[in-house]
Amino acid sequence: MDSSQRATVARLLEEATSQDAGRIAAAEEELRACETKHNHYATLFEIFADRPAATTTAGHQQQQQQTRWLAIINFKNGIDKYWKRADLHRIGLGEKQTVRAHLMDYFDEQTPAIAVQYCVAVARIARWDFPRVWPEFADDLLARIRAIAGQQQQQQQQQQEEEEQQQQQQQQTMELNALYTMHLF
């Protein structure tokens with residue numbers, strides 16, 4: 001991925017989240033001009049996938065979330081326009097493969113507005129590409145669902161074991177305190 005292209009697109013997305021109508025309009029116009037550029041949609045997906053670090057300040061984190069949200073919306077909208085087109089402006093095979101390679105890695109998205117757009121984007125690509133271009137989509141999706149369910153079950157089991165240990169420790173503490181009180185009596 002071209003780092004200058006990523007920096008430009010990220011800057012335009014940030015401008016588009018501005019409160020200034022003039023800056024928003026200019027950024028949106030430039031983003032529309034980028035729609036037909038090579039690797040534009042892979043760049044949008046990469047910006048969406050770049051989650052803020054836990055140490056990021058709240059204001060910067062909010063700005064980054066807005067930028068990620070706009071990135072995934074632009075990505076999703078571009079799928080309808082350019083994913084299946086047969087003209088010069090279609091998304092190239094290499095770019096599609098780059099996106100598809102990581103498309104199913106973000107089902108753990110915590111921001112609801114971003115998660116919804118992400119899921120719609122995955123579904124739209126699958127609708128176009130399954131089964132001819134992406135025959136393993138259904139199997140991959142089911143494997144992800146099973147893995148997520150397994151993780152949840154494991155977390156619940158671990159939580160239950162921790163609660164049982166806490167109860168045992170409380171019981172032992174109560175018994176020891178009662179015995180100590182009896183000893184002192």
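Tyr 118 is a good place to enter this structure: with a relative accessible area of 1%, Tyr 118 is buried, a term for residues under 20% relative accessible area, while exposed stands for over 50% and partly exposed for what lies in between (1.4 Å probe, protein chains only). The model is a predicted one, in which local features need pLDDT of at least 70 and side-chain atom pairs count only at pLDDT 80 or more, whereas totals for chains, interfaces and linings use all residues. Residues are numbered from 1 along each chain as its sequence is written, and side-chain values use heavy atoms, with hydrogens and water left out.

The ring of Tyr 118 takes part in aromatic pairing. A pair of aromatic rings is described by the distance of the centres and the angle of the planes. Rings of Phe, Tyr and Trp (its six-membered ring) are paired if their centres lie within 6.5 Å; planes under 30 degrees apart count as stacked, over 60 as edge-to-face and the rest as tilted. This rule yields 10 aromatic pairs. One of them joins Phe 48 and Tyr 118 in a stacked arrangement, 5.4 Å centre to centre and with 20° between the planes. Distant parts of the chain are linked here, as Phe 48 belongs to helix H3 and Tyr 118 to helix H6, 70 residues apart. Phe 48 counts as buried because its relative accessibility is 0%.

A further pair, Tyr 106 with Tyr 118, is edge-to-face, at 6.3 Å centre to centre and 90° between the planes. Tyr 106 sits in the loop between helix H5 (93-102) and H6, 12 residues from Tyr 118, and both tyrosines are buried. Ring pairs also build a cluster, which consists of Phe 45, Phe 48, Phe 75, Tyr 106, Phe 107 and Tyr 118.

The interior can also be described through its largest nonpolar core, which has 35 residues; such a core is a set of buried Ala, Val, Leu, Ile, Met, Phe, Trp, Tyr and Cys residues joined through side-chain atoms within 4.5 Å. Leu 13, Phe 48, Phe 75, Leu 103 and Ile 125 have the most contacts inside this core. At least two core residues come from each of helix H1 (3-16), helix H2 (21-34), H3, helix H4 (58-83) and helix H6 (112-129). Apart from neighbours within four places in sequence, Ile 125 is in contact (heavy atoms within 4.5 Å) with Phe 75, Ile 79, Trp 83, Val 99, Leu 103 and Trp 134.

Seen as a whole, the protein chain has seven helices and zero strands, where helices (H or I, at least four residues) and strands (E, at least two) are DSSP runs numbered from the N terminus. The radius of gyration, taken over C-alpha atoms, is 24 Å, well over the 16 Å that the globule rule (2.2 Å times the number of residues to the power 0.38) gives for 185 residues, so the chain is more spread out than a compact globule. The C-alpha atoms fill a box of roughly 90 × 45 × 25 Å along the principal axes. Buried residues make up 31% of the 185 residues.

Helix H7 is home to Asn 177, which counts as partly exposed because its relative accessibility is 47%. The C-alpha atoms of Asn 177 and Val 9 are separated by 65 Å. Mean pLDDT, the predictor's confidence in each residue from 0 to 100, is 89 for the protein chain. Among the elements, helix H7 (residues 137-184) has the lowest mean (85) and helix H3 (residues 40-49) the highest (96).
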